[in-house]
Amino acid sequence: HTTGFGFSVGDILRSGISLYGNYNLNRGNASEADTYYLSAGRNFGRLSWSLSYANFYNGVRFDANGTPQVIRIEMPDQQTFSSDWFLALSRALAFALDYSYLRQSGYGEHQFFVRLILRR
């Protein structure tokens, strides 16, 4: 019961800027809320940066046994803003910074991740 619409435009006018968006129209008695996601990114060679906005949140939560569970939060007043930086230091080593802010009525949560990625 979901109809999805989306668009993607890469390297607009050779600027290195790319845009992406989608909208999911959900219908039915047991359906989820309608969702949308927008992002813009810029490639600076070895460095790339992206910004995004969505009305849902995807994440990972660990249960009492330490087992990871993927969660998806969708609410009418839900908003998630994020900014991601990725730097390829060499062919085998990369560094990433990810920030997101989850906002709901009367609640806000900041998340910040730093990753060092080693490829063999």
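**Ring pairs, a salt bridge and a surface patch**

A search of the whole structure, which is a predicted model, finds four aromatic pairs, where rings of Phe, Tyr and Trp (its six-membered ring) pair if their centres lie within 6.5 Å, and planes under 30 degrees apart count as stacked, over 60 as edge-to-face and the rest as tilted. One of these is formed by Tyr 36 and Tyr 53, a tilted pair at 6.0 Å centre to centre with 35° between the planes. Because Tyr 36 lies in strand S3 (residues 35–43) and Tyr 53 in strand S4 (residues 47–54), the pair ties together parts that are 17 residues apart in sequence; helices (H or I, at least four residues) and strands (E, at least two) are DSSP runs, numbered from the N terminus.

Tyr 53 also pairs with Phe 81, and since the ring centres are 4.9 Å apart and the planes stand at 45°, this pair is tilted. The pair of Tyr 53 and Phe 81 links distant parts of the chain, with Tyr 53 in strand S4 and Phe 81 in strand S7 (residues 79–88), 28 residues apart. Ring pairs thus link Tyr 36, Tyr 53 and Phe 81 into a cluster. Within this cluster, Tyr 36 counts as partly exposed at 30% relative accessibility, and Phe 81 counts as partly exposed at 32%, on a scale where buried means under 20% relative accessible area, exposed over 50%, and partly exposed in between (1.4 Å probe, protein chains only).

As for the charged residues, the structure holds one salt bridge, a term that stands for a side-chain nitrogen of Lys or Arg within 4 Å of a carboxyl oxygen of Asp or Glu. Arg 115 forms this contact with Asp 98, the closest N and O atoms being 2.8 Å apart. Arg 115 lies in strand S9 and Asp 98 in strand S8, so the salt bridge ties together parts that are 17 residues apart in sequence. Asp 98 is buried, with a relative accessible area of 15%, whereas Arg 115, at 40%, counts as partly exposed.

Strands S8 and S9 return in the description of the surface. Leu 89, Phe 95, Tyr 99, Phe 112, Val 114 and Leu 116 make a nonpolar surface patch of about 570 Å². The elements that give two or more residues to this patch are strand S8 (93–104) and strand S9 (107–118), and S9 gives the most, with three residues. Patches are made of residues with over 30% relative accessible area and no salt bridge, like charges being joined within 9 Å and nonpolar side chains (Val, Leu, Ile, Met, Phe, Trp, Tyr) within 5 Å. Phe 112, which lies in strand S9, is exposed, with a relative accessible area of 54%.

A further feature concerns the backbone in the loop between strand S1 (2–9) and strand S2 (17–26), where Leu 13 is found. Leu 13 has a positive phi of about 50° although it is not a glycine, and Arg 14, placed in the loop between S1 and S2, has a positive phi of about 55°, again without being a glycine. Leu 13 is exposed, with a relative accessible area of 81%, and Arg 14 counts as exposed at 78% relative accessibility.

Residues are numbered from 1 along each chain as its sequence is written, and side-chain values use heavy atoms, with hydrogens and water left out. In this predicted model, local features need pLDDT of at least 70 and side-chain atom pairs count only at pLDDT 80 or more, while totals for chains, interfaces and linings use all residues.

Methods: Areas by Shrake-Rupley, 256 points an atom, 1.4 Å probe, with all protein chains shown as cover.
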